[in-house]
Amino acid sequence: QVQLVESGGGLVQPGGSLRLSCVASGSIGSIHRMGWYSQAPGKQRELVAAILSGGTTTYADPVKGRFTISRDNTKNTVYLQMNSLKPEDTAVYYCGVTVQSPGVIWASQYWGQGTQVTVSS
């Protein structure tokens with residue numbers, strides 16, 4: 001089993017910044033894809049940004065130029081730096097990680113518990 005612990009959410013004014021962190025622990029052989037997803041009330045969970053083990057990144061159009069995803073493979077941690085936040089960024093943000101455990105030939109997707117980000121004046 002793999003556990004994901006997120007931190008860094010909170011209340012911020014429009015134009016402000018937040019940095020989310022997600023640490024993976026447990027039965028980890030290798031981590032492939034690490035990503036952040038958002039889910040606003042009444043909406044489906046959507047990809048915000050993702051990063052592969054080699055460093056390739058992808059972003060949803062609404063956050064391009066404002067958010068930056070990064071990872072520290074030595075700490076099994078993924079970060080999301082969120083700048084120039086807007087009220088429409090308000091959502092629960094989930095960390096999603098694809099992990100291959102030792103001795104297992106397939107990779108599995110794991111989710112964090114979510115952290116609330118509220119952008120409001």
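What follows is a chat about a predicted model of one protein chain.

Trainee: Okay, what is this chain built from, in terms of helices and strands?
Mentor: It has zero helices and eleven strands. Read from the N terminus, the order is β-β-β-β-β-β-β-β-β-β-β. Keep in mind that this is a predicted model.

Trainee: And how compact is the chain?
Mentor: Its radius of gyration is 14 Å, close to the 14 Å that the globule rule gives for 121 residues, so the chain is as compact as a globular protein of that length.

Trainee: What box do the C-alpha atoms fill?
Mentor: Along the principal axes, roughly 50 × 25 × 25 Å.

Trainee: How much of the chain is buried?
Mentor: Buried residues are 40% of the 121. As for the outside, the accessible surface is about 6,300 Å², and carbon and sulfur atoms account for 50% of that.

Trainee: Which residues have the most contacts inside the largest nonpolar core?
Mentor: Leu4, Trp36, Phe67, Val78, Leu80, Met82 and Tyr93, in a core of 29 residues. Strands S1 (2–7), S3, S4, S5 (46–51), S7, S8, S9 and S11 (115–119) each give two or more residues to this core.

Trainee: Which strand gives the largest share?
Mentor: That's S9, with five residues.

Trainee: Let's pick one core residue. What does Phe67 touch, leaving aside its close sequence neighbours?
Mentor: Leaving aside residues within four places in sequence, Phe67 is in contact with Val48, Tyr59, Leu80, Gln81, Met82, Asn83, Leu85, Asp89 and Tyr93. Three of those names, Leu80, Met82 and Tyr93, are also on the list of core residues with the most contacts.

Trainee: Over the whole chain, what share of the contacts with a separation of 6 or more joins residues 24 or more positions apart?
Mentor: 54% of them.

Trainee: Now Gly35. Where is it, and is it buried or exposed?
Mentor: Gly35 is in strand S4, residues 30–39. It counts as buried because its relative accessibility is 1%, and the cut-off for buried is under 20%.

Trainee: What's around Gly35?
Mentor: Not counting residues up to four places away in sequence, Gly35 touches Ala49, Ala50, Ile69, Tyr94, Cys95 and Gly96. Gly65 is 30 residues from Gly35 along the chain, and their C-alpha atoms are separated by 17 Å.

Trainee: And Ser21, buried or exposed?
Mentor: Buried, at 15% relative accessibility. Ser21 sits in strand S3, residues 18–26. With neighbours within four places left aside, Ser21 is in contact with Val5, Glu6, Ser7, Trp36, Val78 and Tyr79.

Trainee: Switching to Thr58. Which strand is it in, and what does it touch?
Mentor: Thr58 lies in strand S6, residues 57–59. Not counting residues up to four places away, Thr58 touches Leu47, Val48, Ala49 and Ala50. Its relative accessibility is 36%, so it counts as partly exposed.

Trainee: How far is Thr58 from Ile69 in space?
Mentor: 8.7 Å, C-alpha to C-alpha, with their positions eleven residues apart in sequence.

Trainee: What about the loops? What is unusual about phi in Asn76?
Mentor: Asn76 has a positive phi, about 50°, though it isn't a glycine. Most residues other than glycine have a negative phi. Asn76 lies in the loop between strands S7 (67–72) and S8 (77–82), and is partly exposed with a relative accessible area of 24%.

Trainee: And what is the phi of Ser84?
Mentor: Also positive, about 50°, and Ser84 isn't a glycine. Ser84 is in the loop between S8 and strand S9 (91–100). At 40% relative accessibility, Ser84 counts as partly exposed.

Trainee: Where is Ala107?
Mentor: In the loop between S9 and strand S10 (108–111). Ala107 is partly exposed, with a relative accessible area of 36%. Apart from neighbours within four places in sequence, Ala107 is in contact with His32, Thr98, Val99 and Gln100. Lys43 is 64 residues from Ala107 in sequence, and the two are 27 Å apart in space, C-alpha to C-alpha.

Trainee: Last one: how many positive and negative side chains are there?
Mentor: 9 positive and 6 negative, and the centres of the two sets lie 4 Å apart.

Conventions:
Residues numbered from 1 in each chain as written. Predicted model: local features only at pLDDT ≥ 70, side-chain atom pairs only at ≥ 80, totals over all residues. Heavy atoms only, no water. Helix = DSSP H or I, 4+ residues; strand = E, 2+ residues; numbered from the N terminus. Buried < 20%, exposed > 50% of the residue type's maximum accessible area, 1.4 Å probe, protein only. Contact = heavy atoms within 4.5 Å. Rg over C-alpha atoms; globule rule 2.2 N^0.38 Å. Areas by Shrake-Rupley, 256 points an atom, 1.4 Å probe, with all protein chains shown as cover. Lys, Arg positive; Asp, Glu negative; His and termini not counted. Charge placed at Lys NZ, Arg CZ, Asp CG, Glu CD. Core = buried A, V, L, I, M, F, W, Y, C linked by side-chain atoms within 4.5 Å.
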